[in-house]
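Biologist: I have a model open and would like to learn how to read its sheets, helices and chain contacts. Could you walk me through it?
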Amino acid sequence: MMAEQREEKKQQYSGETFQVVSFRLGGEEYGVDISQVQEIIRMVEITHVPRAPRFMEGVINLRGQLIPIIDLRTRFGMNRADHTKSTRIIVTDIGSKRVGIVVDSVSEVLNIPVENVEDAPEMVAGIGTEYIQGVGKVDTRLIILLDLSKVITSEEKQALDSVDEAAE
Amino acid sequence: MSDEPFDKEEFVAYFRDEAEELLQQIDGDLLRLEEFVDSGQADPEIVNSLFRALHTIKGSSGMLGFTEVQGLAHKLENLCDLLRKERMPLSEGSVEFLFSGRDFLTDLVQAAIGQSAPPSGLNEFTGRLDQFVAIYNETSNVIEGKAPDRGEGGSPAGSEPMNEAEIAAFEAEIERMLAEAAATATPAAPVVPAESAPAPAAAKPAPARGNGESADAKKGAAQGKRSSLAQTIRVDIDRLDALLNLVGELVINRTRISDIATTLGRLMGDRALNASIGLIGPLSKDLADSAALLARTTNEIQESIMKVRMVPIGQVFDRFPRTVRDVAKARGKEVQLQISGADTDLDKTIVDEVGEPLMHLLRNCVDHGIEAPDERERQGKPRMGTIALNAYHEGNQIIIEISDDGGGINLDKVRAKAIKNGLIGTEDRLTDRELIELIFTPGFSTAEEVSDVSGRGVGMDVVKRNITKLKGIFDVDSAPGQGTRFTIKLPLTLAIIQALLVRVVDELYAIPLDSVIESQRVEMPDVRTVHGSEVITLRGQVVPLLRIADFFELGGERDPEKVMIVIVGLQGRQVGLVVDSFEGEQEIVIKPLSDVVGRIPGISGATILGNGSISLIIDVHSLVSDAYAGGKVTRAEFSGV
């Protein structure tokens, strides 16, 4: 079944390669489909939203648009890190939703041939596997390929759940 | 999306809008048609209008492949065709049949665009529909054999012509079957048997938009509507929102430039500055002039764009005559609905939201307000009750009034019910006003038995909450035996508001000025506690305090000497919001928080300030009711929420 899913995913990508933007998060390297990335910006002032879910850092003003910011570390159950000079916000466009995700640093754009991508291991420490598309091998590096729409969809669910809790 | 041959979604959205409009029109046509039942002869203008509307729906649904919608529209079209060619008599039964068909069609359209499940009982209905159309076609063919002048075209069926008596008997039989079918196949409201008197509900059609009220202009209304359509274009509301967003940016920058010009002007006035001022002086004045001009133009643009978003409230009113008619029929009452001010404009978002509460109030008026016809006669009132729905502008607000000439709110009943529910004690003395307020308590209903119309105990509190959500005010007046009047006051727009900026710990928050009564600095010794909650006494009134920093869990240190308080009013009560400092008033543009963030209690949105920073907007209503629910404000001080 996993193999079939991977086949489908492969077909979503034009040609024979995954084109991803790679970034670092807590010593690991991740990649997101370049078509989901709108822009990458430096850290700006984030306005805290009180009583929002923990992973919701707040909102920023991007040229007059309000963009919610998700701390991917918190989202993935890692420790929160202080923002440094290399901290970046990847602004993504998924469906009609524009969301920024905070990452430790952004590395480069990678072309990963389809044959170098493997299914995600059944259990990956700290992260649910539903938003992992696969693991790409580039030389000796392992790039964890994320499906951001899944990250954000389950995100929403959590957000809604926590609101419900607050309401009770 | 872009590699598809055409964007179906866009067509579906267009179809939905168009169908909604047409179904509304069909409803209106049917209501007018109903008035002709007594004469048995339909106004051909109305029937043609019906026919055209059904035909358009058939065409566009066919284009999008909604075959079920297409099929039913086609069948109803056939039925109208019979009316048009006068092959079928106009009767209460046949109109009722068309009404049910219209309801099924609405359900099918909803189902086709994926908003609800397909309606049940459809096959049965279409089956009967087919049967009747077939029977009438056959009958008329037979009749035409004898009297060819009654129809247009259609070849005689070659059988023996029937005699008059046979035809009359046949028609009576069909009439009976029609009534039966309509009674069993109506999906929504139960229908009274066909032999009862025709209900004169909703006698007056809603006036055409922009044409004022001309009661006799039945044809004129239709024509006026058509010509006003020709001068309008359909614009996606998202595009307008985008435009409004940009104007919002402009407003923010205008404020900023004005600030800079003012600051510069002040610096210029400072003689202590160096000599080069002589050169910059005129420039500074130019900047100030230019800033003033920019401010004026921006205001005008802002006003115009707000006007573009305005739509006549008649869009909502259009569906009410049908509702009132159905409810009145179901409850065996005679009610007429008089609508005025349908061309009063207000913001599209508010128009969309205000329909449900109004609908609920109207149902309430018919169900609880207007008495049964016999009872009315006993009291010396006309058998037919009147509900007046009126809308008009007053300053920056729109006022919507719904009044009936029914029995009014029975205060004794309210009182008895409140005592039974434990809301008040038997010894409590309440003013009439306070008793009326009780009907806004959740779960409160004086209806003796639960009906499908109203009286389920969810109602007035929901209406009030919805109106409050729109920043509106809801009021009730009632005179025993004379009727009830509901008054709703709504702001014209929700997008741009005046706000008081306050600082709490590190962040700026905006409090909508319409809920702010005053702001004050109060020394700590004047803050007392009642049952553990902080209160102050303001002009003899005890006002509970709510610390925003605590509510939002922001931490921060408390000032041991004083508190800065913003007094906000809510349903006639006052609450003091404790902040760190006041940062002045400003016009702000409301932007919703992304749905990814979810709903945050106490926050209604955000705005971008002149310096580009973000300020969250405090939702006073949800903040206070949430704090109350969480026990942060004691009931003794805040029993109003």
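Modeller: Happily, and keep in mind that this is a predicted model. Let's begin with a sheet in chain B.

Biologist: In what order do the five strands of the open sheet in chain B lie?

Modeller: The general idea comes before the case: strands of a sheet pair through backbone hydrogen bonds, and the pairing may be parallel or antiparallel. Here, the order across the open sheet of chain B is 2-4-5-7-6, with mixed pairing. Strand 2 (335-340) and strand 6 (473-479) of chain B are at the edges; each has a single partner strand, so one of its sides has no neighbour in the sheet. On average, neighbouring strands of this sheet are turned by 15° against each other, ignoring direction.

Biologist: How many bridges join strand 2 of chain B to strand 4 of chain B?

Modeller: Six bridges link these two strands of chain B, which run parallel, strand 4 being residues 385-394. To find the register on your screen, look for B:Q336, whose bridge partner in strand 4 of chain B is B:T386.

Biologist: And which strands does helix 11 of chain B lie across?

Modeller: Helix 11 (residues 320-331) of chain B lies across strand 2 and strand 4 of chain B, at about 165° to strand 2. Helix 12 (residues 348-369) of chain B also packs on the sheet, where it touches strand 2, strand 4, strand 5 (397-404) and strand 7 (483-491) of chain B. The direction of helix 12 of chain B makes about 20° with that of strand 5 of chain B.

Biologist: Now a helix pair: at what angle do helix 2 and helix 3 of chain B cross?

Modeller: An angle over 145 degrees counts as roughly antiparallel. The axes of helix 2 (residues 44-63) and helix 3 (residues 67-84) of chain B cross at roughly 160°, coming within 9 Å, and the two helices are therefore roughly antiparallel. Their crossing is left-handed. The residues of this contact comprise 11 nonpolar, six polar and four charged.

Biologist: Finally, how many residues of chain A are in contact with chain B?

Modeller: For an interface, ask how many residues take part, then which elements supply them. In this case 23 residues of chain A contact 22 residues of chain B. Strand 4 (56-62), strand 5 (65-71), strand 7 (97-103) and helix 3 (148-167) of chain A each contribute at least two residues to the chain A side. Helix 3 of chain A gives the most, with seven residues. By type, the chain A side divides into 14 nonpolar, four polar and five charged residues.

Terms used. Residues numbered from 1 in each chain as written. Chains lettered and ligands numbered in written order. Predicted model: local features only at pLDDT ≥ 70, side-chain atom pairs only at ≥ 80, totals over all residues. Axes fitted to C-alpha atoms, helices over the stretch in contact; angles between N-to-C directions. Helix = DSSP H or I, 4+ residues; strand = E, 2+ residues; numbered from the N terminus. Parallel < 35°, antiparallel > 145°, perpendicular 65-115°, else oblique. Left-handed = near helix turned anticlockwise from the far one by under 90°. Nonpolar A, V, L, I, M, F, W, Y, C, P; charged D, E, K, R; others polar. Pairing = 2+ DSSP bridges. Contact = placed C-beta atoms within 7 Å.
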